[in-house]
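Here is a short report on aromatic rings and their surroundings. Sequence and structure come first.

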Amino acid sequence: GVKFEDEAVNFADWPAKKATMPNGQMPVWIDEEGNQLSQSISILNALAREHGYVPKGLLGNWANAWVSDTIADFGAKGHFSNIMKAEVPEENLKKWVEDTTAFLGTIEKHLAKWQWKYLAGENLTASDFHLYGYLAGSGLVLNTHHKKHPAAAAALAATFGTPATPHLNAWAEVMHNELKAHMENRPQYNF
């Protein structure tokens with residue numbers, strides 16, 4: 001229920017806007033004092049702490065950071081630019097499915113081991129928002145990108161929501177229910 005202004009910048013306007021952004025990057029959070037703060041995960045963690053979405057104890061703090069590290073490791077593989085095209089070489093798609101399956105399997109093992117409702121314990125934390133946002137952005141949770149990226153859509157069935165990831169599926173359902181009102185009412189951008 002925190003009020004904020006969401007300003008999207010389309011690709012055509014980005015070159016002119018880039019010079020005004022810290023480090024020439026987005027997203028940028030402009031705080032109440034007008035400070036422009038960059039780096040999405042730094043922003044996420046600061047806002048999570050500000051609004052009470054913090055892990056409890058040493059184990060919760062570790063798990064919260066572990067999720068971000070695990071996402072960064074997977075993101076460093078650079079698959080999204082290769083698979084979010086209408087035409088995707090078979091070898092790129094195969095490698096994406098292989099790496100995505102391993103990534104989701106890592107999260108599945110984490111959830112199965114700890115048996116928590118959320119990724120870092122029994123309360124919602126930045127790590128939950130981070131992973132859900134990452135999966136939603138890639139189309140894995142919300143099944144977006146299907147119309148624009150048929151090759152990626154075809155591979156999704158092999159990687160997410162399968163019987164091989166019951167704990168991850170349950171977590172995604174909890175997150176979807178937690179964020180349902182926001183997800184249904186958020187602005188839709190067509191870049």
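Trp-114 is partly exposed, with a relative accessible area of 26%. That value is not under 20%, so Trp-114 does not count as buried. The model is predicted.

The ring of Trp-114 has a partner in Trp-116. Their planes are at 15°, under the 30 degrees limit, so the pair is stacked. Trp-114 and Trp-116 also belong to one aromatic cluster, together with Trp-62 and Trp-66.

His-110 touches part of this cluster. It is found in helix H5. Its relative accessibility is 5%, under the 20% limit, so His-110 counts as buried. Leaving aside neighbours within four places in sequence, His-110 is in contact with Trp-62, Trp-66 and Trp-116, and also with Ala-63 and Leu-119.

How many aromatic pairs are there by the ring-centre rule? The count comes to 8 aromatic pairs. One of them is formed by Phe-103 and Tyr-134, and this pair is edge-to-face. Phe-103 lies in helix H5 (residues 90–114) and Tyr-134 in helix H6 (residues 126–137). The pair thus links distant parts of the chain, 31 residues apart. Both Phe-103 and Tyr-134 are buried.

A pair of rings is described by the distance of the centres and the angle of the planes. Two pairs are set out here.

| Pair | Centre to centre | Angle between planes | Class |
|---|---|---|---|
| Phe-103 and Tyr-134 | 6.2 Å | 70° | edge-to-face |
| Trp-114 and Trp-116 | 5.2 Å | 15° | stacked |

Methods. Residues numbered from 1 in each chain as written. Predicted model: local features only at pLDDT ≥ 70, side-chain atom pairs only at ≥ 80, totals over all residues. Heavy atoms only, no water. Phe/Tyr/Trp six-rings, centres within 6.5 Å; stacked < 30°, edge-to-face > 60°. Helix = DSSP H or I, 4+ residues; strand = E, 2+ residues; numbered from the N terminus. Buried < 20%, exposed > 50% of the residue type's maximum accessible area, 1.4 Å probe, protein only. Contact = heavy atoms within 4.5 Å.
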